[in-house]
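Colleague: Got a minute to go through this one with me? I want to talk about the cysteines.

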Amino acid sequence: MLANMFDRHKMFSPFRYITNIDPDSPTIISVEYLSESRANITWKAKRCNFAPVRRLNIQEADTGVALSYPETNWNNETEIGYQIVENITVVENQTYFWNVSVVYDEGVEEATSQSSPIFEAAVVGKLRVQYSKRLSIDGSDEGDESGEVYSNSDIDDDADRHLLPPFLDFDECLSNPCHHNANCTDTEGSFDCECNPGYNETGFNCSNINECLSNPCHHNATCTDNEGSFDCECNVGYSGNGFNCANINECLSNPCHHNATCTDNEGSFDCECNVGYSGNGFNCANIIECSSNPCHPNATCTDNEGSFDCECNVGFSGNGFNCSNINECSSNPCHLNAICTDNEGSFDCECIVGYNGTGFNCSNINECSSNPCHANATCTDNEGSFDCECNVGYSGNGFNCSNINECSSNPCHLNAICTDNEGSFDCECIVGYNGTGFNCSNINECSSNPCHANATCTDNEGSFDCECSVGYSGNGFNCSNIDVCLRISCHVNADCLDSHGSYICRCKSGFNGNGTVCRNIDECLMNPCHPNATCTDNEGSFVCECNVGYSGNGFNCSNIDECLTNPCHPNGICSDNEGSFDCECNVGYSGNGFNCS
């Protein structure tokens, strides 16, 4: 009989193919008889080339039922569908044979599947029928509205069976007609499918509700939709249950490098390396700023941990970023007899001509020691120079000297003979005269110096007189000095010097005048002291005293390095200047250098 049914199934061919696609055949999962005229068929069909199911064809092989449904309850995700078949006739304890086919379409194209394998479904148990009224066998109304329930077996006569309006009542939920995410509730003559919490739709098709769309979580939390539920989890940087989230201050755990600054943000934090360091804030390395040559070309860069210092080189002044040449010559560092030449960052001291030394100390050169003059000249060494002067009897510039013939000028007495010598001449009185040759006279007794040395001999014709010279007293043969200073008064600032027959009034050192009148000499006008000293004129003398910031005897003064005594604040820098010093607070401090905060 089953073979005949298959043959009958093959004969029934309501389906056709529109395209050349040959989709897989569907399968029947279950057939549930809801009543003698209704059944619920659950089936499964795969997608065909991503095309959805558009129509369902159902055939019962024994009764010849062939139905087509343009709308289906097919779930694209589960690939399962169901269909309530009505207006059929089934009898309890009988077996029926079902098959289905589906029609796919994608746009204008359509494809019909092969029919499913035959599904054998028997009506098991008694069909229960509910009557609204009890009827007599002949169909008359007996007026009993008790609503009693009878089984079909209670009707003995098949002739009377057609009078009973059939109604099946069984537990449809036993066949799991609802979606797997729905709850089935059996009712009198039917059942209800209701989607579980977290799902919506009809109960036959239940789709997950995305609770996250309503933003149930805290605004600093992430909502994760699950199948039938959802989770709230605080975002990174926040703590809580997801419905309430509070910012976490990550900086409290010191996550950054010790040379970085941590900034707590809402839900995060930032690590930033401190000035002078580079890195991502979690690892910070010292920046060697000196490698980029930040200082002036005439400054020295010193790299520190997290910073750097720029210091102008010796001979330059400034803050290290701007350095200008120091004109050391303005402070007169060289010797008085030297010339200072300022260079870029330094200076040179060179003794002037006539002096030698380092330039800081210059001493006069005695040029005469090298005999620069003529052999017949006299060399006179001066301060920084020398003079050559031809000796008496020679003429020239001192470097070249030639003999002078003095006799050509008749230097001798008329009664004398002149003899020229190399560099000199002689005068000799002629016979009959007596004298030096420059003076020749008749033989003069006085020539034998008969008188005292301090007396004057007067030759007379045949005799002579001896008379003590002025300032002496005696008879001419014996003469003694007269001390004129005993009766002469010189100036109070002068000394009287007795000079064999006369006297001299000479002003004392520090005064000038003729001895009778002496005035104080202002030696300071000649600048006898060092350039860095102060000259004080006194009565008859003067005092040289080095200025503040210098030490020495006043004639030679050298700069005092005040910085050696650390006069500045510990957080200040001392700069020694010529004759003074400056205190300046270090970078990061303020004040006058003596007090820095």
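Colleague: Is Cys 544 buried or exposed?

Modeller: Cys 544 is buried, because its relative accessible area is 10% (buried means under 20% relative accessible area, exposed over 50%, partly exposed in between, with a 1.4 Å probe and protein chains only). This is a predicted model, where local features need pLDDT of at least 70, side-chain atom pairs count only at pLDDT 80 or more, and totals for chains, interfaces and linings use all residues. Residues are numbered from 1 along each chain as its sequence is written, and side-chain values use heavy atoms, with hydrogens and water left out.

Colleague: What is Cys 544 joined to?

Modeller: Cys 529, through a disulfide with an S to S distance of 1.8 Å. A disulfide is a pair of cysteine sulfur atoms within 2.5 Å. The link is left-handed, with -80 degrees about the S-S bond.

Colleague: Where do the two sit in the chain?

Modeller: Cys 529 is in the loop between strand 47 (518-520) and strand 48 (533-538), and Cys 544 is in strand 49 (residues 541-546). Strands (E, at least two residues) are DSSP runs, numbered from the N terminus.

Colleague: And how many disulfides does a search of the whole structure find?

Modeller: It finds 33. One of them joins Cys 256 to Cys 271, and both of those cysteines are buried.

Colleague: Why is the disulfide of Cys 256 and Cys 271 called left-handed?

Modeller: Because the torsion about its S-S bond is about -75 degrees.

Colleague: Changing pair: how far apart are the sulfur atoms of Cys 351 and Cys 362?

Modeller: They are 2.0 Å apart, in a disulfide. Cys 351 and Cys 362 are both buried.

Notes
Helices (H or I, at least four residues) and strands (E, at least two) are DSSP runs, numbered from the N terminus.
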